[in-house]
Protein chains: 2
Amino acid sequence: MPVTIRDVARASGVHVSTVSRAFSAPHLVNPDTRSRVLAVAEGLGYRPNRAARALTTGRTHNFGIIVADIANPFFPPLIKAAQAHARSRDYNVFVADTDEDPQVEEEVIQTLSKQVDGVLLCSPRLTNKAIERLREEVPFVVVNRRIRGMPTVLMDVGQGASLAVRHLTELGHRRIALVSGPAGSWTSKAMHEAVATAGADAVFLGPNAPTEQGGITAAADVIASRVTGVLAYNDLVAIGLIEGLSERGVRVPEDVSVIGVDDIVAGRLNRPKLTTVSMPAAAAGRVAVDMLLQAVDDVAAATVTTLETSLVVRESTGRART
Amino acid sequence: MPVTIRDVARASGVHVSTVSRAFSAPHLVNPDTRSRVLAVAEGLGYRPNRAARALTTGRTHNFGIIVADIANPFFPPLIKAAQAHARSRDYNVFVADTDEDPQVEEEVIQTLSKQVDGVLLCSPRLTNKAIERLREEVPFVVVNRRIRGMPTVLMDVGQGASLAVRHLTELGHRRIALVSGPAGSWTSKAMHEAVATAGADAVFLGPNAPTEQGGITAAADVIASRVTGVLAYNDLVAIGLIEGLSERGVRVPEDVSVIGVDDIVAGRLNRPKLTTVSMPAAAAGRVAVDMLLQAVDDVAAATVTTLETSLVVRESTGRART
DNA sequence: GTGAAAGCGCTAACAG
DNA sequence: CTGTTAGCGCTTTCAC
């Protein structure tokens with residue numbers, strides 16, 4: 001049987017409330033009593049039951065992180081950073097994978113709602129309306145999607161796309177393509193806009209599946225469009241594209257330069273090493289947790305934090321053929 | 001203010017215990033009353049508070065998954081499968097990343113212990129002794145490490161290593177190397193043993209860091225050892241090794257064949273595509289959850305489940321030079 | 001500075 | 001079948 005506060009109280013000859021205070025309100029208890037209680041607790045191997053504490057305090061000291069797909073290499077670094085940061089603030093985290101299914105997302109939020117003080121919603125698939133509604137049940141911080149009036153952490157893909165286009169034009173590329181992602185995607189839209197206003201001669205290819213296969217498939221269109229520089233929706237698409245091009249005898253970067261987005265591990269390991277727009281995923285995780293912590297106390301806050309992206313130049317880009 | 005069981009009781013004109021039963025013991029309540037209560041609950045947006053329920057039932061309906069490093073591409077598929085399976089059994093999961101630190105591992109287990117019914121310990125870094133001790137506080141299932149008397153899920157790397165060696169000898173390789181991992185690693189030991197008994201002329205190179213850099217560094221030794229076939233500790237090492245070899249003008253698979261272990265995404269994307277021992281990570285996640293579910297009810301069980309691995313032949317292996 | 005008592009949301013005997 | 005009554009482990013007034 002697990003040891004409770006009552007066992008500690010008995011063993012140290014004080015009342016339970018004193019034990020409780022020894023842990024959660026040290027200044028209200030005599031230093032001597034406190035250290036004695038703590039010693040006894042230690043000896044008994046006492047661990048406060050956080051769930052029971054939550055019942056009276058209203059603070060669970062838990063967060064939820066909800067992602068569309070844990071296996072998507074973009075998320076683990078974000079989760080890792082968020083979890084570590086939460087831990088440093090004495091919070092534990094639930095992680096739930098919705099498998100890209102809005103319905104599952106909603107259910108997960110609901111089962112979690114009473115067990116957490118807040119939820120990190122990463123790239124949610126739910127409608128804005130649904131999210132607004134669920135917000136009544138539990139505080140959110142949204143990552144990677146813009147929803148009016150909600151605390152949000154954004155990674156500035158638009159700015160990243162501009163960086164990428166600038167890099168290509170500096171290398172002498174005159175005609176470039178954006179190999180975009182799924183139809184409704186917020187990210188696709190932001191990239192499209194950035195590329196369109198970057199002042200290059202741009203063609204837009206898509207929609208494509210946000211996967212390696214999507215990239216492979218897009219290779220034919222890229223060749224047909226006779227561009228020399230490409231910005232892909234993400235690294236997976238970029239890697240697939242490079243593969244598709246190479247199958248058709250087009251070399252990267254000698255014939256065509258390719259830039260990805262995300263900076264996943266695989267891109268660094270791939271040949272040629274992928275030039276990519278690096279997303280500050282770890283920073284996003286930390287910031288999101290900070291905002292959540294804040295949202296928990298201060299319902300009013302609804303900030304938007306936009307994190308800068310950066311371009312990592314590796315081997316998949318080079319001077320344009322002349 | 002969140003809606004509680006009491007609000008539902010009041011609104012539907014029954015006692016709280018009836019509402020409680022309507023949810024957790026349907027057969028004990030009149031069908032009509034039940035459906036009325038459920039309707040009212042639905043209307044009010046009532047969600048049972050699982051933490052409060054846990055206080056009386058002793059079942060939290062939560063699991064913990066503790067991993068050394070979420071960002072290690074080996075874990076996400078395991079976590080994803082475990083989480084999905086747990087969800088299907090109406091369990092939520094905490095995920096904690098220990099950053100390879102035994103001390104953190106212990107702390108995490110302790111803060112989680114009262115909030116979960118059991119913990120999945122993946123590739124733990126703690127000593128056997130420490131784990132035995134913590135076992136008093138919460139049931140474990142250990143994944144990827146053999147600990148006597150504990151429910152364990154193993155992926156048979158030894159058998160995978162045998163498969164790999166057989167594949168190499170079938171391709172005509174006479175002299176092969178095992179580029180092993182960190183010194184104390186259980187996996188390294190199992191691979192070593194399997195390779196040693198596989199009946200080939202084998203050389204053992206290591207220890208090495210279990211990373212791409214470890215592989216790059218090992219390239220010189222591999223060349224010096226004049227082998228034509230290599231089994232690497234894992235895919236990261238294999239990919240690094242291929243890179244290191246190529247920097248030194250040794251081509252894969254033309255000059256040397258390389259096999260990895262894990263079947264991470266990056267290996268499939270890499271050039272040449274990596275031949276590798278595929279670990280049944282998703283299956284391991286599911287099985288582990290099943291065992292945990294069982295361990296929660298039946299303290300006695302201490303089964304070991306060993307999952308078969310398989311060899312995925314891609315492009316990094318070929319016939320030996322003659 | 002410490003004890004007593006009430007109560008968080010819920011379930012589990014026990015009556016009726 | 002449903003209401004009553006205890007409590008789960010902990011915190012928090014309120015007294016002393």
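Which atom of His15(B) lies 2.9 Å from a phosphate oxygen of DNA strand D? A backbone N or O atom does. That pair is a polar contact, meaning two N or O atoms within 3.5 Å; within protein, one must be able to donate a hydrogen and the other to accept it, and residues adjacent in sequence count only if both atoms are side-chain atoms.

Some ground rules. This is a predicted model, where local features need pLDDT of at least 70 and side-chain atom pairs count only at pLDDT 80 or more, while totals for chains, interfaces and linings use all residues. Residues are numbered from 1 along each chain as its sequence is written, chains are lettered from A and ligands numbered from 1 in the order in which they are written, and side-chain values use heavy atoms, with hydrogens and water left out.

I will stay with strand D. A residue is near a strand if one of its heavy atoms lies within 4 Å of it. Around DNA strand D there are 27 residues, and those that come nearest are Ile5(A), Arg53(A), His15(B), Thr18(B) and Thr33(B). Of the strand D atoms within 4 Å of the protein, sugar and phosphate account for 65%. Two side chains of chain A belong here. Tyr46(A) has a side-chain N or O atom 2.8 Å from a phosphate oxygen of strand D, and Thr56(A) places a polar side-chain atom 2.9 Å from a sugar or linking oxygen of that strand.

Next, the elements behind this surface. Helices (H or I, at least four residues) and strands (E, at least two) are DSSP runs, numbered from the N terminus. H4(A) gives the most to the surface near DNA strand D, with five residues. By class, that surface has nine nonpolar, 13 polar and five charged residues. Nonpolar here covers Ala, Val, Leu, Ile, Met, Phe, Trp, Tyr, Cys and Pro; charged covers Asp, Glu, Lys and Arg; the others, Gly among them, are polar.

Now strand C. Here too 27 residues lie around the strand, with Thr18(A), Thr33(A), Ile5(B), Ser20(B) and Arg53(B) nearest. Sugar or phosphate makes up 66% of the strand C atoms within 4 Å of the protein, and the rest belong to bases. Two base contacts can be named: a polar side-chain atom of Arg21(A) is 2.9 Å from a base nitrogen of strand C, and a backbone N or O atom of Ala52(B) is 3.3 Å from a base nitrogen of strand C. Arg53(B) has a polar side-chain atom 2.5 Å from a phosphate oxygen of strand C. For this surface, H4(B) gives the most, with five residues.

Last, some backbone points. Most residues other than glycine have a negative phi, and most peptide bonds are trans. Glu100(A) has a positive phi of about 65°, in the loop between strand E2 (92–97) and helix H6 (102–113) of chain A. Its relative accessibility is 36%, so Glu100(A) counts as partly exposed; buried means under 20% relative accessible area, exposed over 50%, and partly exposed in between (1.4 Å probe, protein chains only). Ser123(B) has a positive phi near 50°, and Ser123(B) is buried, with a relative accessible area of 11%.

Chain B also has cis peptide bonds. One joins Gly206(B) and Pro207(B), with omega about 0°. Another runs from Val252(B) to Pro253(B), with omega near 5°. Pro253(B) sits in the loop between helix H11 (235–247) and strand E9 (257–262) of chain B.
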